[in-house]
Amino acid sequence: MKDTIQHNINIINERIEAACLRSGRQRSEVQLLLATKTVPADRIKLALECGELLIAENKVQEIKEKYEVLKSTQHTKHFIGHLQSNKIKDILKYDVACIQSIDRFELAEKLNQRLLFEGKTMDVFVQANTSYEESKFGARPEDLIPLIEQIAGLEALRIKGLMTIGLFSAEAEKVRKCFRLLKGLQEQAKALNIPQVQLDELSMGMSNDLEIAIEEGATIIRVGTAIFGERIYPDSYYWNEAKKIK
Ligand SMILES: *Cc1c(COP(=O)(O)O)cnc(C)c1O
């Protein structure tokens, strides 16, 4: 099993290198993040033993379940799923270094309050819905810059970058448009020089579209399937649960 994981990681690294070469970027500019939803902790551990350091979960419940097994193996953990306000207290218990999926002020404000109460700070990315699909979370691209400006005023949050899930499409140019939109928003927001806001990270690109994302400036690509295999749950289970409840 470890051999398969190592093999899959090697292939991803070759794909990253090739995309960097094509777009005149350094390999060191792009970090590989392992998207580990549905993957059991012992398999994640094997990937960490292959030398990977950055992982991310979509549900607080899964972070909690895998926490003990992974605790003793060095890694950094991000959160990339839809965060419900009532899970904020919980997520702060499990050494999450960055929440990449902040997409509304109400959530940011509640997170800030709790962090202040605990005397902590948190790195965050602001998530944009660059494909404008109903099924995906993220702020509307038009609303992103005002949202960043608002969040910038929350003293326990440190904005480090932007995140998006691009359109799932076989048409590369449509996917590229999403990533280019996020890059454009990053540049616009950076030009405003908002105090306390650093926007160096662009988290975009997954198993099927990581090359396009790297060509468009991704600094973090999030890969699950291409390393751990197909998941049994559809992604909609992770991406639009709250929308289904409505
Ligand atoms: C599952 C997931 C990924 C990884 O997707 P794959 O297609 O399995 O590589 C990336 N980002 C987010 C937000 C995810 O939920």
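Q: Which residue has an N or O atom in its side chain 2.8 Å from a nitrogen atom of the ligand?
A: The model is predicted, and the distance is computed from its atoms. A polar contact requires a pair of N or O atoms within 3.5 Å. The pair at 2.8 Å joins a nitrogen atom of the ligand to the side chain of Arg222.

Q: How much of the ligand's area does the protein bury?
A: Oxygen atoms of the ligand also have polar side-chain atoms beside them: one of Lys37 at 2.6 Å, and one of Arg231 at 2.7 Å. Taken alone, the ligand exposes 390 Å². Of that area, the part buried by the protein is 97%.

Q: Where does the ligand sit?
A: The ligand is surrounded by 13 residues, and the closest include Asn58, Ser207 and Thr225. Its location is the largest pocket.

Q: How many residues of the shell around the ligand are charged?
A: The shell divides by residue class into six nonpolar and four polar residues, plus a charged group. Lys and Arg belong to the charged class, and Lys37 and Arg231 are among the closest residues. The charged residues of the shell number three.

Q: Is Leu33 buried or exposed?
A: Leu33 belongs to strand 1, which covers residues 31–35. A residue counts as buried under 20% relative accessible area. Because the relative accessibility of Leu33 is 0%, this residue is buried.

Q: What distance separates the C-alpha atoms of Leu33 and Glu52?
A: Along the chain, Leu33 and Glu52 are 19 residues apart. In the model, the separation of their C-alpha atoms is 8.2 Å.

Technical notes. Residues are numbered from 1 along each chain as its sequence is written. This is a predicted model: local features need pLDDT of at least 70, side-chain atom pairs count only at pLDDT 80 or more; totals for chains, interfaces and linings use all residues. Side-chain values use heavy atoms; hydrogens and water are left out. A residue is near a molecule or strand if one of its heavy atoms lies within 4 Å of it. A polar contact is a pair of N or O atoms within 3.5 Å; within protein, one must be able to donate a hydrogen and the other to accept it, and residues adjacent in sequence count only if both atoms are side-chain atoms. Accessible areas come from the Shrake-Rupley method with a 1.4 Å probe; for residues, only the protein chains shown count as cover. On a 1 Å grid over the protein atoms alone, a cavity is a set of points where a 1.4 Å probe fits but cannot get out, and a pocket is an open set with protein on both sides within 12 Å along at least five of seven lines; lining residues have an atom within 4 Å of a point. A molecule sits in a cavity or pocket if more than half of its atoms lie within 2 Å of its grid points. Helices (H or I, at least four residues) and strands (E, at least two) are DSSP runs, numbered from the N terminus. Buried means under 20% relative accessible area, exposed over 50%, partly exposed in between (1.4 Å probe, protein chains only).
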